[in-house]
Amino acid sequence: MGRKLKRGKAGNVVQYLTRTKAIRKLQLKLSEFRRLCILKGIHPREPKKKSKGANKTYYHAKDINWLMHEPLLQVFRNMQVHNKKVRKAYAKFNPELAQRLRGLTPTYKLDHLVRERYPSFVDALRDLDDPLTMVHLFATLPAEKRYGIPNKAVDTARRLMLEFNAWVVRAHALRKVFVSVKGIYFQAEVLGNAVTWLVPHQLAQALPTDVDYKVMLTFLEFYECLLQFVNFKLYHNLGLKYPPVHDPKLEEAAAGLSAVMRDLAGVRETVGQQIEEQAAALKAVPDGKKGGKRQPEATLGERIKAIAAGEKGEGQQQQQQQEGNDSEESEGEGEEDDEEEDSEAGLEIDSGDDTDDDDDDDDEGEEASEGEGRQGSEGQGAGAKASSKDGDDAEDEEEEDDDVMGALRRSSGRTASTRKEGAGAGSDGGDKEGGSSGDDAARG
């Protein structure tokens with residue numbers, strides 16, 4: 001025979017825990033425990049044999065052990081401690097401290113819970129009926145402070161409702177509609193999955209008092225996070241941006257779905273406008289360039305090549321422009337040297353009209369020395385010009401220098417001949433004067 005098992009060591013007693021034991025094990029309040037179970041998707045169990053009584057609520061021991069490793073557990077504990085500090089500040093009549101502490105309330109996110117409960121997108125679509133029904137319900141409820149319904153929850157529910165309905169309209173996914181006393185039933189096909197939800201009638205809602213709205217708000221909190229993931233995926237599958245922009249004017253006018261559809265329709269209008277602009281630009285091209293046919297749009301590779309060719313052409317144009325500026329500067333310097341030489345030659349020609357023989361001899365010496373120096377400087381200038389310019393420019397400058405030298409030689413020859421004529425005339429005049437004086441003396 002095997003060893004006899006002791007009572008309370010195996011069976012349902014070990015596999016299941018009552019709610020009271022679970023709360024003590026997690027060290028949470030009842031409201032926090034209920035909230036954590038809703039967010040994690042843990043539900044009570046019904047064991048075959050209720051060892052602690054038939055009026056107790058039982059949970060599986062594995063579920064409670066799983067909750068002990070949840071990061072939100074520590075956040076809820078911190079929130080509980082924070083609420084004690086706020087109450088203590090109000091008890092000490094310190095409202096400023098209490099308000100400051102309220103602004104420092106610990107926050108949390110539920111993104112990891114959505115990914116944990118729904119590993120794939122299809123799993124989320126299969127469980128989308130209840131989230132849509134809950135969101136549409138709170139979108140029509142008033143924000144009553146006495147029931148603990150905040151304005152933010154109602155506004156978020158209404159925004160998510162409009163975004164999903166706008167996607168249904170844009171994707172043409174609506175399949176069935178049924179009107180009943182409870183409300184309007186809608187059924188849409190979302191990626192091959194039939195999703196059905198209930199929308200209440202647009203009437204004044206009388207909120208019942210026997211409903212626990214805190215539990216409903218906890219469900220709404222998780223469903224809103226789930227619906228944001230779903231809407232994001234659906235919008236991006238259609239190539240639309242998320243979240244869409246709501247038109248503030250239509251929102252003030254209570255236009256409802258039109259406030260979102262205007263932004264989605266604006267995408268089509270923008271694409272159509274771009275197509276019309278491209279067609280108008282092609283029509284504006286001359287017939288000679290079009291070749292009698294409509295030119296196809298350039299591809300991305302052709303555009304990149306055109307941009308690269310344009311940059312290369314601009315670089316060559318700048319280089320040619322710089323070379324032209326350098327040649328103009330060198331030509332300007334050559335013209336200035338020629339003008340100086342011409343002015344000096346003119347001064348030399350004017351100085352040849354003097355009548356003094358000694359001054360003429362000195363001038364001739366100075367002119368000869370200046371001519372030699374000028375020839376040397378001209379030779380050096382011609383060499384520098386020939387090195388800085390091309391072959392054609394050097395030949396032109398040499399021809400100009402030969403012309404200047406010829407002009408100088410001709411001018412010097414003319415001055416010498418004039419001086420000889422002047423000297424001969426002077427000697428003839430002296431002989432004549434001497435003869436006349438001898439005749440006068442003989443007569444006397």
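Strand E4 and strand E5 (residues 193–200) run antiparallel and are joined by 8 bridges. The model is predicted, so local features need pLDDT of at least 70 and side-chain atom pairs count only at pLDDT 80 or more, while totals for chains, interfaces and linings use all residues. Residues are numbered from 1 along each chain as its sequence is written, and side-chain values use heavy atoms, without hydrogens and water.

**Exercise 1. The sheet**

Determine the order of the strands in the open sheet and identify its edge strands.

Solution.

Step 1. Strand E3 (residues 174–179) and strand E4 (residues 183–190) are antiparallel, with 5 bridges between them. Strands here are DSSP runs of E with at least two residues, helices are runs of H or I with at least four, and both are numbered from the N terminus; two strands pair if DSSP finds at least two bridges between them.

Step 2. Individual partners fix the register of E3 on E4: Leu-174 has Ala-188 as its bridge partner, Lys-176 faces Gln-187, and Val-179 faces Ile-184. On the E5 side, Ile-184 stands opposite Val-199.

Step 3. The connections follow. A hairpin of 3 residues leads from E3 to E4. The hairpin of E4 and E5 has 2 residues between the strands, and there Leu-191 adopts a positive phi near 55°.

Step 4. The 3 strands therefore form an open sheet with the order E3-E4-E5 and antiparallel pairing. E3 and E5 are the edge strands, each pairing on one side only. Neighbouring strands are turned by 15° against each other on average, direction ignored.

**Exercise 2. The surroundings of the sheet**

Establish which helix lies across the sheet strands, and whether E3 lies in the open or is buried.

Solution.

Step 1. Helix H10 (residues 151–171) lies across E3, E4 and E5 and runs at about 60° to E4. Such angles run from 0 to 180 degrees between N-to-C directions of axes fitted to C-alpha atoms, for helices over the stretch in contact.

Step 2. Of the 6 residues of E3, 0 are buried (under 20% relative accessible area; exposed is over 50%, partly exposed in between; 1.4 Å probe, protein chains only). E3 therefore lies largely in the open.

**Exercise 3. Two helix pairs**

Classify the packing of H5 with H6 and of H2 with H3, and list the residues in each contact.

Solution.

Step 1. The axes of helix H5 (residues 71–91) and helix H6 (residues 95–102) come within 8 Å and cross at roughly 160°. H5 is therefore roughly antiparallel to H6; the limits are under 35 degrees for roughly parallel, over 145 for roughly antiparallel, 65 to 115 for roughly perpendicular, and oblique for the rest.

Step 2. H5 contributes His-82, Lys-85, Val-86, Ala-89 and Tyr-90 to the contact (heavy atoms within 4.5 Å), and H6 contributes Leu-97, Ala-98, Gln-99, Leu-101 and Arg-102. By class these residues are 6 nonpolar, 2 polar and 2 charged.

Step 3. The axes of H2 and H3 come within 10 Å and cross at roughly 95°. These two helices are therefore roughly perpendicular.

Step 4. Arg-19, Ala-22, Ile-23 and Leu-26 of H2 meet Leu-30, Phe-33 and Arg-34 of H3. This contact has 5 nonpolar, no polar and 2 charged residues.

**Exercise 4. Burial along H3**

List the buried residues of H3 and name the elements against which they pack.

Solution.

Step 1. In helix H3 (residues 30–40) the buried residues are Glu-32, Phe-33, Leu-36, Cys-37, Ile-38, Leu-39 and Lys-40.

Step 2. Their packing partners are helix H2 (19–26), strand E2 (58–60), helix H4 (61–67), H5, helix H7 (111–117) and helix H11 (213–237).

Step 3. Gly-41 follows H3 and has a positive phi, near 80°.

**Exercise 5. A loop residue and the whole chain**

Locate Leu-238, classify its exposure and give the share of contacts between residues 24 or more positions apart.

Solution.

Step 1. Leu-238 belongs to the loop between H11 and helix H12 (248–252). Its relative accessibility is 39%, so Leu-238 counts as partly exposed.

Step 2. Leaving out residues up to four places away in sequence, Leu-238 touches Trp-167, Arg-170 and Ala-171. Leu-238 and Trp-167 are separated by 71 residues in sequence and by 9.0 Å between C-alpha atoms.

Step 3. For the chain, residues 24 or more positions apart account for 64% of the contacts with a separation of 6 or more. The chain has 17 helices and 5 strands, and 29% of its 444 residues are buried.

Notes:
Nonpolar A, V, L, I, M, F, W, Y, C, P; charged D, E, K, R; others polar.
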